[in-house]
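Student: I want to learn to read a fold from its coordinates. Can we go feature by feature?

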Amino acid sequence: MLLKRDKLRIQIEKILRVLGAYKSYKDIGATPVKRLVFICSGNICRSAYGEAYAKTKGIEAVSFGVHCPDGDPANERMMKTSAKQHILLDNHRTMSMTSHEARPGDLIVAVDKKHVDIIRKEQPSSVDNSAILLGLFAKDSRATIIDPYGRPEVFFDDTVDDIKYAVDELVRHLQTHPITDHMQRSEI
């Protein structure tokens, strides 16, 4: 149940994707991936869930927000939605972009292109590998995973499903990518 503006945004992004505008946002850099770094705006919904879900798969992951303070809990509705999937966000606390400590082998996993643009501008050293858009690994391959914050519960359910599918596809891609062939699951 998307809003008209969300449907329009998705259609525009599909056109841009077909024209190749997002090709570089699915390419993994030359540095072997050791950790997934999920980012979104507030680090209370999408990136928090992405981090928690990746960890259930044995993947090293962290998350932060480009517009958030440190120390806030996850969104209450996202905690309830993720708990239905047996993924607990009770201990999650937000981390700001300035508090995030980049490491070699980090792969920035963004849910919106604007987040990548912000990081590249304000903290270019955080992007030593590449920055990808998680939505390009989703079932319908789109640039943005819509933010469920402030929306009805169905948006949270859809967002969780989109993130799970996309993370699973990303992990499959990393495991079959030539750069990561030698890596063990716990290293990505």
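**Strands, cores and a surface patch**

Tutor: Start with one pairing. In β4, alanine 131 is the bridge partner of isoleucine 108. Keep in mind that this is a predicted model.

Student: How many bridges join β3 to β4, and which way do they run?

Tutor: Three bridges link β3 to strand β4 (residues 131-133), and the two run parallel. On β1, valine 37 has isoleucine 108 of β3 as its bridge partner. Strand β1 (residues 35-40) pairs with β3 in the parallel sense, over five bridges. Isoleucine 108 thus appears in both lists: with valine 37 and with alanine 131.

Student: Is β3 mostly covered or open?

Tutor: Use relative accessible area; under 20% is buried. Strand β3 (residues 106-110) is mostly covered, with five of its five residues buried. Asp106, Ile108 and Ala110 point one way, Leu107 and Val109 the other, and all are buried.

Student: What order do the elements follow along the chain?

Tutor: From the N terminus they run α-β-α-β-α-β-α-β-α. That comes to five helices and four strands. Now the contacts: among those between residues at least 6 apart in sequence, 74% join residues at least 24 apart.

Student: Why look for nonpolar cores?

Tutor: Because in soluble globular proteins, nonpolar side chains tend to be buried together. Here, the largest nonpolar core has 33 residues; Leu36, Phe38, Leu107, Val109, Leu134, Val167 and Leu170 touch the most other members. The elements giving two or more residues to this core are β1, α2 (46-56), β3 and α5 (153-176). The most comes from α5, with eight residues.

Student: Which residues does valine 167 touch?

Tutor: Leaving out residues up to four places away in sequence, valine 167 touches Phe38, Tyr53, Ala54 and Leu134. There is also a second, separate core of 17 residues, including Tyr22, Tyr25, Ala110 and Ala143.

Student: What share of the residues counts as buried?

Tutor: Of the 188 residues in the protein chain, 50%. The chain exposes about 9,200 Å², and carbon and sulfur atoms supply 52% of it.

Student: Where is there a nonpolar patch on the surface?

Tutor: Look at Leu8, Ile12, Ile15, Leu16 and Leu19. They form such a patch, with about 490 Å² of accessible area together. Isoleucine 15 sits in helix α1 (residues 4-18).

Student: Why does isoleucine 15 count as exposed?

Tutor: The cut-off for exposed is over 50%. Isoleucine 15 has a relative accessible area of 53%, so it is exposed.

Notes
Residues are numbered from 1 along each chain as its sequence is written. This is a predicted model: local features need pLDDT of at least 70, side-chain atom pairs count only at pLDDT 80 or more; totals for chains, interfaces and linings use all residues. Side-chain values use heavy atoms; hydrogens and water are left out. Patches are made of residues with over 30% relative accessible area and no salt bridge: like charges are joined within 9 Å, nonpolar side chains (Val, Leu, Ile, Met, Phe, Trp, Tyr) within 5 Å. Accessible areas come from the Shrake-Rupley method with a 1.4 Å probe; for residues, only the protein chains shown count as cover. A salt bridge is a side-chain nitrogen of Lys or Arg within 4 Å of a carboxyl oxygen of Asp or Glu. Buried means under 20% relative accessible area, exposed over 50%, partly exposed in between (1.4 Å probe, protein chains only). Two strands pair if DSSP finds at least two bridges between them. Contact means heavy atoms within 4.5 Å. A nonpolar core is a set of buried Ala, Val, Leu, Ile, Met, Phe, Trp, Tyr and Cys residues joined through side-chain atoms within 4.5 Å.
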